[in-house]
Amino acid sequence: MKQALLFFFFSFSLFAQKTTELIKSNKLEETREIIVNLPSSYESNPIKRYPILLLLDGDYLFEPFLGALKYGEYWDDLPETIIIGINQKSSRMDDCGFDETEGTPTKRSAAFYNFIGEELMPFIEKKYRVAPFRIIAGHDTTAGFLNFFLYKENPFFNAYISLSPELAPGMESQIATSLTNTKKNLFYYQSSADGDIKQLREPVEELDSNLKLITNPLVNYQYNKFSNASHYSLVLYSIPNALYQIFDSYKPISSTEFTEKIVVLPSGYVDYLTKKYQTTTEKLGLNIPVRINDFKAIEAAILKNKAYDELEKLAQIASKNYPKSMLADYELGLMYEKTGDAKKAASKYQRASQLEEIGDLTKEMMYNKYDDMKSLTVK
């Protein structure tokens, strides 16, 4: 079979996280430059898969998005993400143009659309370890263009970040129709500002009115209109808001979530934890182990409400997520300790002391708890 594309790969170093690649496209009949940034764990964790963020206007949106993601990753609020930026410094108007009368892509922008869907993304997804979650982002002209991907019955991307978009005629209605009828989880973010360009802002506000009427539970929509911001400065306000909207279910349990949603439950604390991580998998295509701090939060809620039987279910999750660690036996030991069975508690703490330490659980701590339980059994 004739090869559709020729790819030329240039890298600053063999293990550099950020590389520049040149792709010769048959659709565009030219070579295009993209920037690829791989997460810091990409080399050290060979089985991990990552969501993809595709940036139109990559020549100037790349660094702001990279900075926001790196900051969120540091606090584990945002997942590590593969970032792909398309350099459009001299081609954005041709790449993303539309027919003023029909509201459809021009011949050239249709070719760019096919380049993304049929050449660029298949190449990226074959070359790198990706999770089944794709985000696309753009600004003004390119933001308007990315909405054409929603015109398909089964949209190619899972999340859309549209920063002060230049909407093609009819988009205000077509986007709303597409999101109303979608049968897959979709995230849609758009932004504007008081100081934005008037002919861009007014269609965006009309689209916002249409989207607020949508009742489809599969659609997660957010609109921000920033005060005292311009067409250009709104980008820096928008980026963290968009990323935190899309990855909201990824975040670890916060003190607010613990206080307002978890500890006030009459029961079902472990079920809450299970559902939280299931939601991350269903919406974001990410399978991540339950965080140790989330275990401790659920444990704290169980202890506060004296629902000690739930510690057994928590131990089952610990055994699945961290089978070599002492966490599961510790939770069982804690359950027996709290229910007054010192002998079984001592046995579990003794077994835990022989397994790997995790979080703030240490072998010394298990030895001490074992001694405490043994002392109770001899009285």
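## Close-up views of a predicted model

**View 1. Salt bridges around E30 and R108.** A search of the whole structure turns up 24 salt bridges, and this is a predicted model. Side chains of opposite charge can pair when their charged atoms come close. Here, E30 and R108 make a salt bridge, with their closest N and O atoms 3.0 Å apart. Because E30 sits in strand 3 (residues 30-37) and R108 in helix 3, the pair ties together parts that are 78 residues apart in sequence. E30 is partly exposed, at a relative accessible area of 29%, and R108 also counts as partly exposed, at 27%. The two belong to a network of salt bridges that links E30, R32, D95 and R108.

**View 2. K48 meets E80.** In this view a salt bridge joins the side chains of K48 and E80 (2.9 Å, N to O). K48 comes from the loop between strand 3 and strand 4 (50-55), and E80 from the loop between helix 1 and strand 5 (82-86), so the bridge ties together parts that are 32 residues apart in sequence. Is each partner buried or partly exposed? K48 counts as partly exposed at 29% relative accessibility, while E80, with a relative accessible area of 14%, is buried.

**View 3. R291 reaches D76.** The side chains of R291 and D76 meet in a salt bridge, 2.5 Å from N to O. R291 is in the loop between helix 9 (269-284) and helix 10, and D76 is in the loop between helix 1 and strand 5, so this pair ties together parts that are 215 residues apart in sequence. R291 counts as buried, with 10% relative accessibility; D76 counts as partly exposed, at 26%.

**View 4. A nonpolar patch on the surface.** Y71, Y74 and W75 form this patch, and together they have about 450 Å² of accessible area. Y74 has its place in helix 1 (residues 58-74). At 65% relative accessibility, Y74 counts as exposed.

**View 5. Aromatic rings, with Y113 on F149.** The whole structure holds 21 aromatic pairs. In the one shown, the ring centres of Y113 and F149 are 4.2 Å apart and the planes are at 15°, so the pair is stacked. Y113 is part of helix 3 (residues 107-127) and F149 lies in the loop between helix 4 (141-146) and strand 7 (159-163), so the pair ties together parts that are 36 residues apart in sequence. Both Y113 and F149 are buried. Zoom out a little and ring pairs link F112, Y113, F115, F145, F148, F149, Y151, F156, F157 and Y160 into a cluster.

**View 6. T141 in helix 4.** T141 has its place in helix 4 and counts as buried at 9% relative accessibility. Which residues does T141 contact, leaving aside its neighbours within four places in sequence? They are R92, M93, C96 and E166.

**View 7. Helix 6 and what covers it.** Helix 6 (residues 198-211) has 14 residues, so at 1.5 Å a residue it should span 20 Å, and its end C-alpha atoms are indeed 20 Å apart. Its buried residues are L200, R201, P203, V204, L207, D208 and L211. Their cover includes helix 5 (171-181), strand 8 (186-195) and strand 9 (219-230).

**View 8. L234 and its contacts.** L234 is found in helix 7 (residues 234-246) and, at 0% relative accessibility, counts as buried. Apart from neighbours within four places in sequence, L234 is in contact with L163, S164, S191, S192, A193, D196, F226 and A229. One of these, L163, is 71 residues from L234 in sequence, yet their C-alpha atoms are 7.8 Å apart in space.

**View 9. Helix 12, largely enclosed.** Of the 12 residues in helix 12, 10 are buried, so the rest of the structure largely encloses this helix. The buried ones are L327, A328, D329, Y330, E331, L332, G333, L334, M335 and Y336. What covers them includes helix 10 (292-304), helix 11 (310-321), helix 13 (342-352) and helix 14 (363-377). From first C-alpha to last, helix 12 (residues 327-338) reaches 16 Å, close to the 16 Å expected at 1.5 Å a residue. G340 follows helix 12, and the phi of G340 is positive, near 85°.

Note on methods:
Residues are numbered from 1 along each chain as its sequence is written. This is a predicted model: local features need pLDDT of at least 70, side-chain atom pairs count only at pLDDT 80 or more; totals for chains, interfaces and linings use all residues. Side-chain values use heavy atoms; hydrogens and water are left out. Helices (H or I, at least four residues) and strands (E, at least two) are DSSP runs, numbered from the N terminus. The expected span of a helix is 1.5 Å times one less than its number of residues. Buried means under 20% relative accessible area, exposed over 50%, partly exposed in between (1.4 Å probe, protein chains only). Contact means heavy atoms within 4.5 Å. Patches are made of residues with over 30% relative accessible area and no salt bridge: like charges are joined within 9 Å, nonpolar side chains (Val, Leu, Ile, Met, Phe, Trp, Tyr) within 5 Å. Accessible areas come from the Shrake-Rupley method with a 1.4 Å probe; for residues, only the protein chains shown count as cover. A salt bridge is a side-chain nitrogen of Lys or Arg within 4 Å of a carboxyl oxygen of Asp or Glu. Rings of Phe, Tyr and Trp (its six-membered ring) pair if their centres lie within 6.5 Å; planes under 30 degrees apart count as stacked, over 60 as edge-to-face and the rest as tilted.
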